[in-house]
Amino acid sequence: MGGDLTNLEIENDAAAVGQSWQRSDLEAKVRGTFRYTADLPVPRCLYLGVHRASQPHARILNIDISSALEMPGVVRVVTGADLFGIYGELIYTGPAFADQPPIAIDKVRYVGEPIAVVVATDLITARAAADEVYVEYGELPAVLDVDDAISGSDYVHEHLRPSSVFSDLKHLQGRGETNVNYEYNLTSGDVEKAKANSDKTVSGEFWCPPTSHVAIELFSTTAWVEGNRLEVVTTTQTPSYVRQALASMLDIRLNQVRVRTQPLGGGFGSKMYDRLEPLVAAISWTYKLAVKLEITREETFVLTTRHGVAVSSQMSADSIGMIVSAEADVRYDTGAYADIGPRIASKSGMVACGPYKVANARVRSRCIYTNKTSAGPFRGFGVPQVTWSHESLVDELAREFGEDPAQFRRKNLLREGDVAPMGTVMHSADFVGCMDAVTSAIGWNTPLERARGPWRWGRGVAVGIKAVLTPTISNAVLQLNQDASATLLISTVDMGQGSDTIMAQIVAEILCLGPDQVRVVNPDTDITPYDTITAGSRSTYHTGNAVKKVAERMREKLISIAAQLLGVSETDCKLTNGGVVASSSQKYLSIDEIMQLHFGAIGTTLTTESNFTTEWIPYDKETGQSVKVTEHWFAGAAAVELGVDTRTGRIHIAHLAVAGDVGRAINPALVKQQLEGGAIMGLGHALFDEIVMDHGQMINGTLLDYQLPSVKDLPDRLTPIIIENPHQTGPFGAKGVGETAIIPIAPSIANAVRDAIGIRFTRLPLTPERLLMAMAGEGD
Amino acid sequence: MNMVFQINGRDVGIEVSDSELLLDTLRHIGFSSVREGCGVGACGSCTVLVDGKSVSSCLVLTSRCNGSSILTSEGLADDDPVVSQFIKNGAAQCGYCIPGFVMMVSELLSENPIPTEQEIYNHLEGNICRCGSYPEIVQAAMDASKAKQTSKLTC
Ligand code: FES
Ligand code: FES
């Protein structure tokens with residue numbers, strides 16, 4: 001055993017970090033053999049069909065389930081009252097407010113809310129029987145507009161019910177006669193004085209409509225009881241959260257609930273927190289049944305949406321074009337249940353003045369109940385909606401000064417070490433670098449032929465800022481197997497961002513392993529350790545740090561065992577490809593040999609564990625100020641060159657460049673895909689993506705009516721640009737990238753339209769009809 | 001009714017109800033590459049080839065396929081150039097929509113071996129990739145077309 005290292009490389013010659021490793025599951029995904037959650041084997045199940053509310057706000061006077069029950073194959077019909085009778089208040093769940101029952105109790109608060117759930121032997125019967133449920137409603141005045149919700153006297157909830165998760169919401173307990181469930185306020189400097197002394201002020205009333213995530217994989221949840229345990233297989237980005245939520249609801253121990261998920265067919269924020277799980281789990285646990293709920297695309301439209309957001313904002317600059325004050329009144333239409341809306345309102349409110357040095361700022365950001373589908377997290381966590389406001393305003397302000405919009409921003413952008421309006425210092429957030437990269441990519445300073453027949457051409461730019469979710473927790477467990485393969489246990493969910501691949505790369509980098517040597521286990525709360533959530537672009541940094549740490553611990557452990565075996569000191573030892581070498585003697589032991597000598601058996605494993613937790617300093621309740629409101633920042637920018645067809649109002653994008661400061665790209669190919677994917681989704685939000693409501697009814701909630709970007713909507717050129725300003729505490733300097741690209745897209749396009757035809761749009765999306773009407777002097 | 005069709009080159013005899021959808025039949029038999037994304041023919045994630053023509057299996061009654069030959073992405077050859085080029089170009093993020101695109105590209109290249117970029121766009125317009133892997137998908141289609149040409153020349 002052992003040997004000299006004459007022919008072995010001392011250094012790891014196949015560095016993993018910074019390499020564009022192929023996605024670990026790529027081949028199976030292309031061949032179609034990849035198994036998603038709904039493909040997992042589960043016990044023989046009964047199926048659920050949901051009868052949904054047809055009224056936005058009404059008392060439930062009577063539910064007639066008799067004809068549904070008579071249908072052959074129907075096992076039972078469950079109502080909210082049934083569950084409330086068993087679980088009482090515990091049946092209400094939610095991440096910020098425990099305000100949502102899995103099935104409506106007493107009253108319905110949005111069209112599409114579950115009122116009764118049929119359990120049947122097959123899916124077709126379950127759905128058909130759900131149609132046979134008859135509900136008698138006592139109509140209540142519906143709260144449908146976010147501003148009416150603030151001023152009116154009809155209330156979606158009798159009183160506020162903060163959950164136990166966030167201690168800072170406790171004081172809201174029991175508050176009544178309001179639809180505002182949360183308000184974030186930011187103040188710095190003296191806005192009135194600064195405005196009075198300023199040279200120019202611009203203002204606007206902005207609106208972003210609600211949109212649908214439309215992850216192409218539909219939601220699926222299956223639950224069954226085994227002994228005294230509940231097994232759940234579900235499409236979720238938050239397995240750890242779901243386990244806690246179900247255990248609390250059913251009042252059982254955490255180890256009595258097992259939640260599993262496969263990599264998702266897209267999430268974008270939709271598959272988070274309480275979706276189908278409380279409903280399916282409650283029915284399974286209560287009646288000791290194996291049940292499965294698979295919902296249709298139409299049902300996913302009413303399950304969750306992106307927030308519709310109204311922003312009234314102002315920005316002022318002094319005589320040399322430096323921004324001196326900024327204000328924003330932001331209203332998040334959160335729908336019938338708060339979900340994580342209060343957090344969205346604060347985390348977005350704190351950046352509502354944009355990535356600029358502004359000494360005097362005032363923001364009020366409110367989260368508001370209405371009688372609509374509950375809005376939740378959506379790629380960008382509310383920030384794209386405030387970016388729509390600040391990037392439109394700053395563009396107008398530049399034009400007021402007759403200055404180039406890019407140059408105007410460059411003067412005002414936050415730089416390393418600057419303090420942002422909420423009081424936190426900037427680090428590793430290269431706004432200027434991102435903006436310069438995208439403008440130069442599209443030839444910002446080259447001449448542009450503006451009028452070409454009926455077409456008018458223009459260019460636009462926008463910059464975005466977002467804080468990473470803080471505080472959050474990630475854990476990792478690593479097993480090194482005797483044959484130098486490794487098994488990584490984490491609860492981060494791969495939903496296309498490629499986390500399984502980059503986490504494997506981090507382990508491989510530290511332990512000098514190759515592409516096929518690290519396996520990442522799919523989230524399973526019986527096996528994989530707690531992780532706050534897979535969202536908010538947090539995984540590369542948080543889970544990445546936990547994974548780096550767990551691999552480093554493994555390296556230390558191996559070295560310490562090897563040092564004993566080799567009879568040298570630990571500091572003399574170095575981990576290299578496949579083994580440990582003593583520098584002094586050049587004696588070498590392979591991992592296989594180390595493990596065999598250590599354990600005296602074959603097939604053995606070494607285990608390490610780690611935790612990575614980020615801290616923040618909660619912002620001041622009155623001023624919104626905090627010296628550390630987040631662990632780190634995301635910086636992104638987009639620039640676009642486009643033409644507007646003045647006959648049809650159609651926008652044609654010739655070139656869209658998007659840049660994100662990712663700290664360091666662990667896998668550049670995957671980072672580029674995230675940038676491209678975010679840009680394409682953002683392009684949909686800019687041009688046509690919109691949920692249309694009429695009297696509380698969604699009127700385009702099917703994919704026949706809801707438009708999404710297709711391959712034909714691709715810009716002629718799409719240029720993703722990676723900017724790398726290593727973060728001092730990121731794993732290898734890395735930060736996340738999932739949301740960076742989507743944030744500046746819509747305003748960059750609107751700014752280019754403004755440049756092309758001279759019209760400022762304040763409402764999204766920029767449909768041909770809206771453009772035509774505006775060019776004819778009507779509409780916005 | 002009792003019916004017989006070919007799936008990926010193998011004869012399959014089954015009993016189906018008149019209202020059963022091809023999507024459900026194929027998934028039931030175990031072809032999980034065929035996936036529902038919308039159920040109304042608007043996303044393409046359920047695309048399969050029936051007698052060489054792409055169909056949205058969420059809109060097709062299984063009983064109508066009696067005697068037909070059906071191809072799903074699981075049935076493509078090990079060295080299928082479309083599959084190889086999707087892999088080479090990293091043309092997938094979440095991957096859910098990808099088999100549908102693979103089948104659409106297969107159909108296109110068998111009808112039109114050297115498509116222009118515009119023809120690729122036209123052919124793939126009905127398929128939605130919410131992750132936005134379109135640039136890689138289009139590149140994979142072009143590369144697969146080239147690869148097919150080269151392999152023809154060298155044969
Ligand atoms: S599921 Fe068939 S086209 Fe969408
Ligand atoms: S790769 Fe996710 S939908 Fe296409």
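**Interfaces within chain A and between chains A and B**

Across the interface of domain 2 and domain 3 of chain A, 10 residue pairs, both at pLDDT 80 or more, are found in polar contact (a pair of N or O atoms within 3.5 Å; within protein, one must be able to donate a hydrogen and the other to accept it, and residues adjacent in sequence count only if both atoms are side-chain atoms). The side of domain 2 that touches domain 3 in chain A has 12 nonpolar, 5 polar and 4 charged residues, where Ala, Val, Leu, Ile, Met, Phe, Trp, Tyr, Cys and Pro count as nonpolar, Asp, Glu, Lys and Arg as charged, and the others, Gly among them, as polar.

The model is predicted, local features needing pLDDT of at least 70 and side-chain atom pairs pLDDT 80 or more, while totals for chains, interfaces and linings use all residues. Side-chain values use heavy atoms, without hydrogens and water, residues are numbered from 1 along each chain as its sequence is written, and chains are lettered from A and ligands numbered from 1 in the order in which they are written.

The same domain interface of chain A holds 1 salt bridge by the rule applied, namely a side-chain nitrogen of Lys or Arg within 4 Å of a carboxyl oxygen of Asp or Glu. The side chains of Arg275(A) and Asp339(A) form a salt bridge at 3.0 Å, N to O.

Between chain A and chain B, 3 salt bridges are found, and Asp39(A) pairs in a salt bridge with Arg27(B), with 2.6 Å between the closest N and O atoms. Polar contacts between these chains number 20 residue pairs, both at pLDDT 80 or more.
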